[in-house]
Amino acid sequence: MNPKHIILDTDPGIDDALAILLALASPEVVLDGISAVHGNASAEQVTTNALSILELANASHIPVYQGCDLPLVKESLLSPETHGNSGLGYANLSAPATKPQIKHGSDYLIEQIMSHPGEITLVAIGPLTNVAIAIRKEPRIVQNVKEVFVMGGAIKHQGNTTPLAEYNTFVDPHSAHIVFHSGMPIILTPLDVTYECIFLKEDLNRLLKIDSPITKFISDSTRFYMEFHDEYQKIDGCVINDPMTLALTYMPEICDYQDLYVDVDISTGVGLGNTFADFYNYEKKKPNMKVAMGVRPRMFMELFLERMEKLAKTIS
Ligand code: BDR
Ligand code: CA
């Protein structure tokens, strides 16, 4: 089968960085480009991070486009406590030699999707601002994108940013609302499945048997992420949401899915950013997405570890 052409819309971010590495380590996909979006750090910082990660993996030929630095309506909410001030935990990558492209991230999404109708798989693993802006600027991308994998939401699971809301949907609920109701073919990876997949210290130790800048980066970044999970959520290890979303683009059998009508709360109360599904079809609305609601955790983790080992062996 021909590899899928992928664009990552991302806010690296520790687990975003792991998703970039997994894309580079997966022959099933071709990473055409990256659009960066505010979220775990500012748009400028996450753009720099994306460039540094590509450089670390000898993949500087992949273009990076800086996108939106603010949510549509709310104030921005960065996450230094989760991902560190730079967004990459204790990792200290050198400043990238390559520069971002001139075009805005949302314009890049439009240009790529419209010039390759039915061929682009969009993987959105940050707040959905770039994607929402792109839809408003060029609504025809909705019919022309092949599929959109979104990391976001907490359907039956508790939130990780408020008691009810997951980070990406809480940071920009209005953009999530636009994307969810756009008619795009969405496959959602909510916390319901990502919180079943913990990257353990044993997993890290397995990777550290290979001496490589890749394994050093994974160690330096996830050490911070593990400390966060321990302190805030009493989880031993860390939840790597974003690479799991990427893995589903070519190994869908990691999860079980339900076709559901999902909405996001954009009122201003305690539920802001909460995502909820109409399981009993009270509203008589057609499903607007496929939602991953069951998962085989070790199937994903084995894939992730194998791919990281392979990548690490090629980079010394
Ligand atoms: C999501 O929020 C971010 O902190 C992570 O990178 C992930 O995309 C998980 O809620
Ligand atoms: Ca992210």
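## Questions about a predicted model

Colleague: Before we begin, what kind of model is this?
Modeller: Everything we discuss here is computed from the atoms of a model, and that model is predicted.

Colleague: Which residues coordinate the calcium ion (ligand 2)?
Modeller: Along the chain, the donors of the calcium ion (ligand 2) follow the spacing D-x4-D-x108-I-x116-D, and the coordination is at 2.3 to 2.5 Å. Aspartate 16 is listed with OD twice, while isoleucine 125 takes part through O. The residues are therefore Asp11, Asp16, Ile125 and Asp242.

Colleague: How many residues apart in sequence are the parts that aspartate 16 and isoleucine 125 tie together?
Modeller: Aspartate 16 belongs to helix H1 (residues 14-24), whereas isoleucine 125 sits in the loop between strand E4 (120-124) and helix H5 (129-137). Because the two lie in these separate places, the pair ties together parts whose distance in sequence is 109 residues.

Colleague: Is isoleucine 125 buried or exposed?
Modeller: A residue counts as buried when its relative accessible area is under 20%. Aspartate 16 has a value of 0% and is buried. Isoleucine 125 has 1% relative accessibility, so isoleucine 125 is likewise buried.

Colleague: Which elements are included in what covers the buried residues of H5?
Modeller: In H5, the buried residues include Thr129, Asn130, Val131, Ala132, Ala134 and Ile135. Their cover includes strand E1 (4-10), strand E2 (29-36), helix H4 (105-115), E4, helix H6 (141-144) and H8.

Colleague: Which residues touch the most other members of the largest nonpolar core?
Modeller: This core has 69 residues, and apart from it lies another core, of 34 residues, with Val131 and Ile135 among them. Isoleucine 254, not counting residues up to four places away in sequence, touches residues including Met244, Leu248, Val295 and Phe300. In the core of 69 residues, those that touch the most other members are Phe199, Ile218, Ile254 and Phe304.

Colleague: Which residues make the nonpolar surface patch of about 420 Å²?
Modeller: Phenylalanine 279 is found in the loop between strand E11 (275-277) and strand E12 (289-295), and at 31% relative accessibility it counts as partly exposed. The patch is made by Phe279, Tyr280 and Tyr282.

Colleague: With which residues is histidine 181 in contact, leaving aside its neighbours within four places in sequence?
Modeller: Histidine 181 lies in the loop between helix H8 (173-180) and strand E6 (186-189), where its relative accessibility of 34% makes it partly exposed. With those neighbours left aside, the residues in contact with histidine 181 are Tyr261, Val262, Asp263 and Asn288.

Key: Residues numbered from 1 in each chain as written. Chains lettered and ligands numbered in written order. Predicted model: local features only at pLDDT ≥ 70, side-chain atom pairs only at ≥ 80, totals over all residues. Heavy atoms only, no water. Donors = N, O, S within 2.8 Å, 3.2 Å for Na, K, Ca; no water. Helix = DSSP H or I, 4+ residues; strand = E, 2+ residues; numbered from the N terminus. Buried < 20%, exposed > 50% of the residue type's maximum accessible area, 1.4 Å probe, protein only. Core = buried A, V, L, I, M, F, W, Y, C linked by side-chain atoms within 4.5 Å. Contact = heavy atoms within 4.5 Å. Patch = residues over 30% accessible without salt bridge, like charges linked within 9 Å, V, L, I, M, F, W, Y side chains within 5 Å. Areas by Shrake-Rupley, 256 points an atom, 1.4 Å probe, with all protein chains shown as cover. Salt bridge = Lys/Arg side-chain N within 4 Å of Asp/Glu carboxyl O.
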